[in-house]
Amino acid sequence: MEENLNKFRVGDLPTVIYKPDFITATEESHLLEKIYGAPQSKWKSLKNRRLQNWGGVVHEKGLLPQDLPPWLTKITQRIREEAGLFPSAINHVLINEYLPDQGIMPHQDGPAYFPVVAILSLESPVVMDFIPHARLRESVDALTSNLANKGPSEKALATETDKFMDNHHAFSVVLMPRSLLIFKVNAYSDYLHGIKDCQVHRYDEAVNHVDDLVINKVDQTLGLDQDVQTVEDGDHKVIHRTRSRVSLTCRTVLKVHKNLFKF
């Protein structure tokens, strides 16, 4: 199955996969109906968004599980089958709702998860930023120090450093409604990922942007209904977020315990 995803790799890292139109508009509507039809008690409000937790309680030592509802099991099974990257069934899903001015600070997922994450986006596009982890800067410093001790020329030293940084630079991905983003291995472990908490997102540097395909896709997806505007703002291409986005973050916790306090 993984071979089928090769054509959906984006950017310089082979471990970032973006598949547009992973689900249909009808499937999107069905998922939103189930999400917003969940009991109010299922929502947890945070400072910059609200979320639903499905699958149980994640602890650094494992998962205290609860069965996923059938509507989530159906979509997670499909993601797993088409991706071919998860070692076992997806057993934990976080559903986040972001208002137009809300995002999430750059972060890494916890150590309890297998290092593959799939994010299904609904309703409204956003730009997700990937930022090299601070330890990569430390690796550059170590490389520079090591090379300096070997006595190369300044030009050779700069070339090696630049080469390292070219392979570990920040990048972003436009997440369209109904698309699926998968990232794994070094994109998972060496980078932080986040969404800026503002209503205007630049996407001219997005790795999945080619000419004006992103703009055209936004307009086609939303029927030019003004819910999302995509314009050229000076030298920059931007998305104006004017309605909420919902995302399903799907992951696998390998260690599953009936009681987290008994090992």
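Select I104 in strand β7 (104–107) and then I195 in β12: the two residues stand opposite each other. β12 covers residues 191–195, and two bridges join this strand to β7 in an antiparallel run. The model is predicted; local features require pLDDT of at least 70, side-chain atom pairs count only at pLDDT 80 or more, and totals for chains, interfaces and linings use all residues. Residues are numbered from 1 along each chain as its sequence is written, and side-chain values use heavy atoms, with hydrogens and water left out. Helices (H or I, at least four residues) and strands (E, at least two) are DSSP runs numbered from the N terminus.

**The four-stranded sheet**

Extend the selection to the open sheet of four strands, which has the order β7-β12-β9-β10 and antiparallel pairing. Two strands are said to pair if DSSP finds at least two bridges between them. At the edges stand β7 and β10 (171–175), each with a single partner strand, so one side of each is left without a neighbour in the sheet. Direction ignored, neighbouring strands here are turned by 20° against each other on average; the axes are lines fitted to C-alpha atoms, for helices over the stretch in contact, and angles run from 0 to 180 degrees between N-to-C directions.

**The seven-stranded sheet**

Next, select the open sheet of seven strands, with the order β1-β11-β8-β16-β6-β3-β2 and antiparallel pairing. Its edge strands are β1 and β2 (43–45), each of which pairs on one side only. Between neighbouring strands of this sheet the average turn is 20°, direction ignored. At the β2 end, three bridges pair β2 with β3 in the antiparallel sense. Select S45 to find its bridge partner, R50, in β3.

Now add helix α1, which lies across β2, β3, β6, β8 and β16 and runs at about 95° to β8.

**Helix α2**

Move to helix α2 (residues 70–83), whose 14 residues reach 20 Å from the first C-alpha to the last, close to the 20 Å expected at 1.5 Å a residue. That expected span is 1.5 Å times one less than the number of residues. Which residues of this helix are buried? They are W71, L72, I75, T76, I79 and A83. Seen down the axis of α2, these buried residues fall within an arc of 120°, so they line one face of the helix; the arc is that of the directions from the helix axis to the C-beta atoms. Buried means under 20% relative accessible area, exposed over 50%, and partly exposed in between (1.4 Å probe, protein chains only).

Turn to the face away from the buried side, which carries the exposed residues P70, K74 and E81. Then display what covers the buried residues, including α1 (25–36), β3 (50–54), β6 (92–98), β8 (116–122), β11 (180–184) and β16 (245–251). Contact means heavy atoms within 4.5 Å. Following α2 is G84, with a positive phi near 65°.

**Single residues**

Select D21, in the loop between β1 (16–19) and α1. D21 counts as partly exposed, at 36% relative accessibility. The C-alpha atoms of D21 and S179 are separated by 5.0 Å, although the two residues are 158 apart along the chain.

Finally, select two cysteines. C198 is partly exposed, at 27% relative accessible area, whereas C250 is buried, at 0%. With a disulfide taken as a pair of cysteine sulfur atoms within 2.5 Å, the count comes to zero.

**The whole chain**

Zoom out to the full chain, which holds six helices and 16 strands. Of its 263 residues, 46% count as buried.
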